Amino acid sequence: TVPLATWRAGDFSGLAPTLVRDPFAANTPFPGNRIPAARISSVSQRLQDRFYPLPNYGDPNVFANQNFRQLLTRAFDGQTTWSMRFDHRISEKSFVYSRYQWNRSYSMGFDGALPTIGQKWQQRDTRAAAVSYSYSFSPTLLNEVRWGLAFNKNPRHGPLNGKQLVQELGLRGLVDNLPDMPGIFKVSFSGIGLAGISQTDWNHPGSQNFPMQFQEQLSWFRGRHSLKAGMLWSRVGFADAPASSNLFGSATFSNRFTGHPYADFLLGIPTTSARGFPPVRIDNLRWARDFFLTDDFKITRQLTLSIGARYEYRPYWSEQSGLQSVFDIGSGRIVVPDGSLSRVSPLLPRGYVDVVEARQAGYTSGTLIKTDANNVAPRFGLAYRPWGNSTVFRAGYGIFYDTNPASTGSGGVPFVISEPSFTNPTPVPTVVFPLVFPLAGTGGPTTVSIPRAIRPDLRYPFSMQYNVTIEHER
């Protein structure tokens, strides 16, 4: 839905009895309901010339929804997947297996609600690899080593460069350190249904996940014993850097000042406006180490006993740049890793909530949560055939830990804080194009959200599970 040709020229005479008023002349109506060409903002002129086509559907002199229609075509979104597998018996005692999978897919749809925006860029990459090596030291001593990884990222952004557009429009009032990256100055209208100017926000690397594992298992068969021992070593990484939706500014127009939203736009008087700060990249990392030992002991031909234990050591997430935070309920303070106070946003309201480093609050600096190192999980089981092979009694008991680590806040408060949007005062506005935000800012927020609260000595929960079964074959 696009503006009429007459509106673009400032002519609202067809809207009678609605009057278009001049907020800089005591709200007196413009003569003939026409805004003089000299009063139309150069920023608004550039925006409408670049992004809004003329209506081409229905009566061009009557405003209506979906008054511009166009069929656009584009290339097919390609996707490539290939995989390979390799098996090789090195000798009678050793065997190696490996596989690798590679995938890339695109999503290049038209962005926003206007045909003049262009096509977005989105590329999803996934990878998966595994290698296994088995070796028989003897017929009773076997070893297997495994390594594997998985990878996924989904970066995306819109077609236009935000900093370049800001410079072309001559906008003022945005932050000084605007990055040279895709983005757009966003425009929206309330109460009229006009299509807004927007595109996909920058997001790189796009929720990148990178888990990797190494596994070792040794099996030893000796007499009536079948022993197995092993370890699992895991590394999981997560990275993201989404841009603020207001990074290159945004403005919303209504009938607040002239009596008509598009007239407000032509004069360059937003009802509300906002700006954002450059994105902050977060790099979360977590390590884990698991160990196990088990023995299946055939006491007699009728009775087999299984005894084992696991030990799971799984520290919590850490953020590589120190951009982590938790809220300490006891003291009412935000806790950040040691050395991270210098990264706290200057927009944090003074006197609202204190921020302290981990050592001052008795927290672990790297992860903010102390690692629960008591996760020993025993296992017991038995199988008994008292009357031959037709009847079997089985029983088992084990402790199982829920070792999915809770995550602290990363890249949020107090390191990244958004300014509140600005509402133009009446009757005389103070923000007028090319200014899109007060040069002195808004003074920052008076309140902020707080990061999640997690006990610094949080322990992993566990469950005790047991079962008894009887099976009889007839």
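## Rings and strands: worked exercises

At 28% relative accessibility, Phe210 counts as partly exposed. Keep that in mind for the first exercise, and remember that this is a predicted model.

**Exercise 1.** Work out which kind of aromatic pair Phe151 and Phe210 form, and which parts of the chain the pair ties together.

*Solution.* Start with the count: there are 20 aromatic pairs in the structure. For Phe151 and Phe210, the ring centres are 5.5 Å apart and the planes make 85 degrees, so with a cut-off of over 60 the pair is edge-to-face. Next, place the residues: Phe151 sits in β6 (residues 141–153) and Phe210 in β9 (residues 208–222), so the pair ties together parts 59 residues apart in sequence. Finally, check exposure: Phe151 has a relative accessible area of 18% and is buried, while Phe210 is partly exposed at 28%.

**Exercise 2.** Do the same for Phe380 and Tyr397: which kind of aromatic pair do they form?

*Solution.* Here the centres are 6.4 Å apart with 25 degrees between the planes, and the pair is stacked. Phe380 belongs to β19 (residues 376–384) and Tyr397 to β20 (residues 391–401), so this pair ties together parts 17 residues apart in sequence. As for exposure, Phe380 is partly exposed at 43%, and Tyr397 is partly exposed at 29%.

**Exercise 3.** Find which strands stand at the edges of the open sheet of 4 strands.

*Solution.* First write down the order, β18-β17-β16-β21, with mixed pairing. Then read off the ends: β18 (355–357) and β21 (409–410) each have a single partner strand, so one side of each lacks a neighbour in the sheet. Further in, β16 and β17 run antiparallel and are joined by 3 bridges, with Phe327 opposite Ile334 in β17.

Terms used:
Residues numbered from 1 in each chain as written. Predicted model: local features only at pLDDT ≥ 70, side-chain atom pairs only at ≥ 80, totals over all residues. Heavy atoms only, no water. Pairing = 2+ DSSP bridges. Helix = DSSP H or I, 4+ residues; strand = E, 2+ residues; numbered from the N terminus. Phe/Tyr/Trp six-rings, centres within 6.5 Å; stacked < 30°, edge-to-face > 60°. Buried < 20%, exposed > 50% of the residue type's maximum accessible area, 1.4 Å probe, protein only.
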